[in-house]
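Work through the exercises below with the coordinates open, and try each task before reading its solution.

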Amino acid sequence: MRLIAANWKMHKTQRETKEFLESFLKLLGNPADREVLICPPFTSLCVASEILKDSPVKLGAQNCYYERQGAFTGEISLPMLKELGCEYVIIGHSERRNIFLESDELINKKLTACLEEGIRPILCVGEKLEDREAGLTFKVVETQIRLALSGIESYTDSLDIAYEPVWAIGTGVPATPEDAVSVHRFIRELLGKLNPKSEGKTRILYGGSVKPDNAKEFMKYEEIQGFLVGGASLKPESFVQIVNSF
Ligand code: PEP
């Protein structure tokens, strides 16, 4: 089933979260054949969890720490997220990698902890503009995935991957669907090599300037099993249009 996920980043107070979700649920109805996920900031998880508990919409977090508890000031653990009803966590978003300098090693530890805790991670990968211009897209994506999945290769069915070219995030300039599809095919092949016993349950999402007016073009391709949406997920009307784009 395709997954359409909202990454709100550092947007929306509790009050704004409540307003969004109330109108979003009315507009959404009961979506068939697709999974819809909202990842608000930590401070909104509690209110979102209350509102979404009897709805078809799932709840996720944008980050986590890999230890279960302890002296880690400012961090949030997976048991804390699980108790709030989070079923997903975004791991290794390019903003975490580039602004907060998260390493592949840290991302690997977080993924491992998610799998142990039974929360489904969405691993984000993607090349920077200079990588693409140097013809390094596949190399960069392969390295990120190999390092992220080091030691947990046989669990690929328990996670999803978002291909998000860094130059397309928040810029209004998406990848062409054809370019995205070629990277998605490459990732699928790589997953097959890393986990030959895979049942193909990993969804490969596209992220990067997905909007209501371009979502349909991506959804024509079976290789694109969903979206991770930033800016266009902040308004109920535009996110609903993206969810309903196929
Ligand atoms: C994202 O934050 O993962 C993202 C894809 O953002 P945007 O849709 O705004 O490009």
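The exercises that follow treat two helices, a third helix with its surroundings, the ligand site and several single residues.

The model is predicted, so local features need pLDDT of at least 70 and side-chain atom pairs count only at pLDDT 80 or more, while totals for chains, interfaces and linings use all residues. Residues are numbered from 1 along each chain as its sequence is written, and side-chain values use heavy atoms, with hydrogens and water left out.

**Exercise 1. Compare the span of α1 with its expected value, and then locate its buried residues.**

Solution. Begin with the definitions: helices (H or I, at least four residues) and strands (E, at least two) are DSSP runs numbered from the N terminus, and the expected span of a helix is 1.5 Å times one less than its number of residues. For the 15 residues of α1 this gives 21 Å, and the end C-alpha atoms lie 20 Å apart, which agrees.

Next, take the buried residues (buried means under 20% relative accessible area, exposed over 50%, partly exposed in between, with a 1.4 Å probe and protein chains only). In α1 these are Thr17, Phe20, Leu21, Phe24 and Leu28. They cover an arc of only 95° around the axis, which puts them on the same side of α1; the arc is that of the directions from the helix axis to the C-beta atoms. The face turned away from this buried side carries the exposed residues Arg15 and Lys26.

Finally, ask what covers the buried residues: β2, α2 (45-52), β3 and α10 are included. After the helix comes glycine 29, whose phi is positive, near 65°.

**Exercise 2. Which residues of α9 are buried, and how are they arranged around the axis?**

Solution. Helix α9 covers residues 212-219, and Asn214, Ala215, Phe218 and Met219 are buried there. Seen down the axis, these buried residues fall within an arc of 145°, so they line one face of the helix. Asp213 and Lys216 are exposed on the face turned away from the buried side. The packing partners of the buried residues are β1 (2-7), α8 (177-194), β7 (204-207), β8 (226-229) and α10 (236-243), where contact means heavy atoms within 4.5 Å.

**Exercise 3. Describe α5, its packing and the residue that follows it.**

Solution. The 14 residues of α5 (104-117) reach 20 Å from first C-alpha to last, close to the 20 Å expected at 1.5 Å a residue. Among its buried residues are Ile107, Leu111 and Leu115, as well as Lys110 and Glu117. The buried residues of α5 pack against α3 (78-83), β4 (86-91), α4 (94-98), β5 (120-125) and α7 (137-148). Glycine 118 follows the helix and has a positive phi, near 80°.

**Exercise 4. Find the polar atoms of the protein that lie beside oxygen atoms of the ligand.**

Solution. Of the 14 residues around the ligand, Lys9, Glu164, Gly170, Ser209 and Gly230 come nearest; a residue is near a molecule or strand if one of its heavy atoms lies within 4 Å of it. A polar side-chain atom of asparagine 7 is 3.1 Å from a ligand oxygen, and an N or O atom in the side chain of histidine 93 is 2.9 Å from a ligand oxygen. From the backbone, a polar atom of glycine 231 lies 2.8 Å from an oxygen atom of the ligand. The protein covers 98% of the 300 Å² of accessible area that the ligand has on its own, with areas from the Shrake-Rupley method and a 1.4 Å probe; for residues, only the protein chains shown count as cover.

Serine 209 sits in the loop between β7 and α9 and counts as buried at 7% relative accessibility. Its phi is near 60°, a positive value in a residue other than glycine.

**Exercise 5. Are aspartate 160 and serine 233 buried or exposed, and what do their side chains contact?**

Solution. Aspartate 160 is in strand β6 (residues 160-163) and is buried, with a relative accessible area of 0%. Its side chain makes a polar contact of 2.8 Å with the side chain of arginine 120. A polar contact is a pair of N or O atoms within 3.5 Å; within protein, one must be able to donate a hydrogen and the other to accept it, and residues adjacent in sequence count only if both atoms are side-chain atoms.

Serine 233 lies in the loop between β8 and α10 and is likewise buried, at 0% relative accessible area. A polar atom of its side chain is 3.2 Å from the backbone oxygen of valine 229.
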